[in-house]
Amino acid sequence: MTKTKTKPLKIDGSTGEGGGQIIRTALSLSMLTGTPIEITNIRAGRAKSGLMRQHLMCVQASQQISNATVTGAVLGSMAFTFTPSTVKSGDYTFDIGSAGSTSLVLQTLFPALLFANTNTQTVSTVTIKGSTHNPLAPTTDFLQQAFVPALAKLGMHVGIECVQAGFAPIGGGSICAVITPFMRRADSRPLTLTERGALVGIELVASNLNLEYDICKRELASAKVELLETGMNDTLITTKTNKLNGIGEGNTCYAQVTHEWGDCLHHEIFTLLGEKRTSAEKMGNRLAGLVKRYLFKTDALVDEYLTDQLLLPLALAGGGEFTARVVSKHAETQAWLIQQFLPVEIKLKVIDEQKNLVQVVC
């Protein structure tokens, strides 16, 4: 994975969704393809434009793993250049220094590390300190329970451990990811996540960090009652509580909805973070509402957030297709950006508006 182009690809950071995702995905693809980039108008439409600490860490971490040359990357900067060299696997530790999302930093780095040293199959270990549960990013739970299993379907193996929980605004959390180099097999078939099989089960999980255990019990009870009122079989629903370790305080609950998918299983995760002045019962009702929307308002297999995150791995693994409940501005921007770097075509086609069914083909 060495530099192949000398002329930088210019990217307008205000395009489409116009947020930090453009920075992260551009860095990933720059390292993967060896393409120098110049990003301008960074987060131009946001209340606080320019590079925030979390985005700066993505640049600095990418610089370290790819021995890149970087100019203009400072807090608040509206533009920077990034010229990667060779991505090297290894053991890395990055401290965001705030409650910035560990998940988003990891998602910037893992695609490049998947393709580093594939000839030697040298595993990389990445430890990231910051927030594991941030309201503006996928939680560690989501990565572990939805994203990692989806990657495994593509033959990509990433293990993620939540070493210590950290909630915004304090942070103080830590994750450790183990990334195995990816080798696409010649006989591998394109991923096809298009049809749901039978519903296997729904696991409701609530976790607390330095808060009363009763909050979790009330959230789960409320969510379960709401789901049972739909006529759902009681045996399909299980509940679980966790006591998290870390500093600060926080509460999270999620639902893992599992369907048959051919001979395998497919998991969708719906997560919520506890909010001040919002009761545990209301949190449970909201969680059940997310599950009901997915089960009864669409025939799609993949929900909104996994759709965003699946596009790049799918393109790197050789393509495939899936059905999505909705294609967000995030996903549209992601598709546009991938096509700036890779010789792929990504089609997002609404099949049935009433059933909230979109076909995504790469």
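A residue counts as exposed when its relative accessible area is over 50%. Keep that cut-off in mind for the first stop on this tour of a predicted model.

**Stop 1: two unusual backbones**

Select Arg277, in the loop between β13 (264-273) and α6 (280-296). Its relative accessibility is 84%, so Arg277 counts as exposed. Now look at the backbone: Arg277 has a positive phi of about 70°, although it is not a glycine. That's worth a pause, since most residues other than glycine have a negative phi.

Next, jump to Asn67, which sits in the loop between α2 (53-66) and β3. Here too phi is positive in a residue other than glycine, near 50°. Asn67 is exposed, with a relative accessible area of 57%.

**Stop 2: a cis peptide bond**

Pick Ala168 and Pro169 together. The peptide bond that joins them is cis, with omega at about 10°. You'll find Pro169 in the loop between β7 and β8 (173-179). For context, most peptide bonds are trans.

**Stop 3: strand β4 and its neighbours**

Show residues 80-83, which make up strand β4, and turn on the side chains. They alternate: Phe80 and Phe82 point to one face and are buried, while Thr81 and Thr83 point to the other and are not.

Now add residues 37-40, strand β2, which runs antiparallel to β4 and is joined to it by three bridges. Click Ile39 and look across to its bridge partner in β4, Phe80. Then bring in strand β3, residues 69-71, which also pairs with β4 in the antiparallel sense, over three bridges. From Val70, the bridge partner to look for in β4 is Phe82.

**Stop 4: aromatic pairs**

There are four aromatic pairs in the structure. Start with Tyr92 and Phe94, a stacked pair with 6.0 Å centre to centre and 10° between the planes. Both of these residues are buried.

Compare that view with Phe110 and Phe147, an edge-to-face pair at 5.5 Å centre to centre, with 80° between the planes. Phe110 lies in helix α3 (residues 102-114) and Phe147 in helix α4 (residues 140-153), so this pair ties together parts that are 37 residues apart in sequence. Phe110 and Phe147 are both buried.

**Stop 5: the cavity**

Stay with Phe110 and Phe147, and add Leu106, Gln107, Leu143, Leu151, Val158 and Ile160: together they line the largest cavity. Its volume is about 40 Å³. α3, α4 and β7 (158-164) each supply at least two residues of that lining. By class, the lining has seven nonpolar residues, one polar and no charged ones.

While you're in helix α3, click Leu113. Its relative accessible area is 0%, so Leu113 is buried. Want a sense of scale? Draw a line from Leu113 to Glu249: their C-alpha atoms are 33 Å apart in space, and the two residues are 136 apart in sequence.

**Stop 6: a pocket, then a charge over a ring**

Move on to the second largest pocket, which holds about 400 Å³ of space. It is lined by 18 residues, and the closest to its centre are Lys153, Leu154, Gly155, Ser188 and Arg189. The lining splits into eight nonpolar, six polar and four charged residues.

For the last stop, select Arg196 and Tyr294. Arg196 lies over the face of Tyr294, at 4.1 Å from the ring centre.

Methods. Residues numbered from 1 in each chain as written. Heavy atoms only, no water. Phe/Tyr/Trp six-rings, centres within 6.5 Å; stacked < 30°, edge-to-face > 60°. Buried < 20%, exposed > 50% of the residue type's maximum accessible area, 1.4 Å probe, protein only. Helix = DSSP H or I, 4+ residues; strand = E, 2+ residues; numbered from the N terminus. Lys NZ or Arg CZ within 6 Å of the ring centre and 35° of its normal. 1 Å grid on protein atoms, 1.4 Å probe; cavity = no way out; pocket = protein on both sides within 12 Å on 5 of 7 lines; lining within 4 Å. Points joined across faces, edges and corners; volume = space filled by probe spheres on them. Nonpolar A, V, L, I, M, F, W, Y, C, P; charged D, E, K, R; others polar. Pairing = 2+ DSSP bridges.
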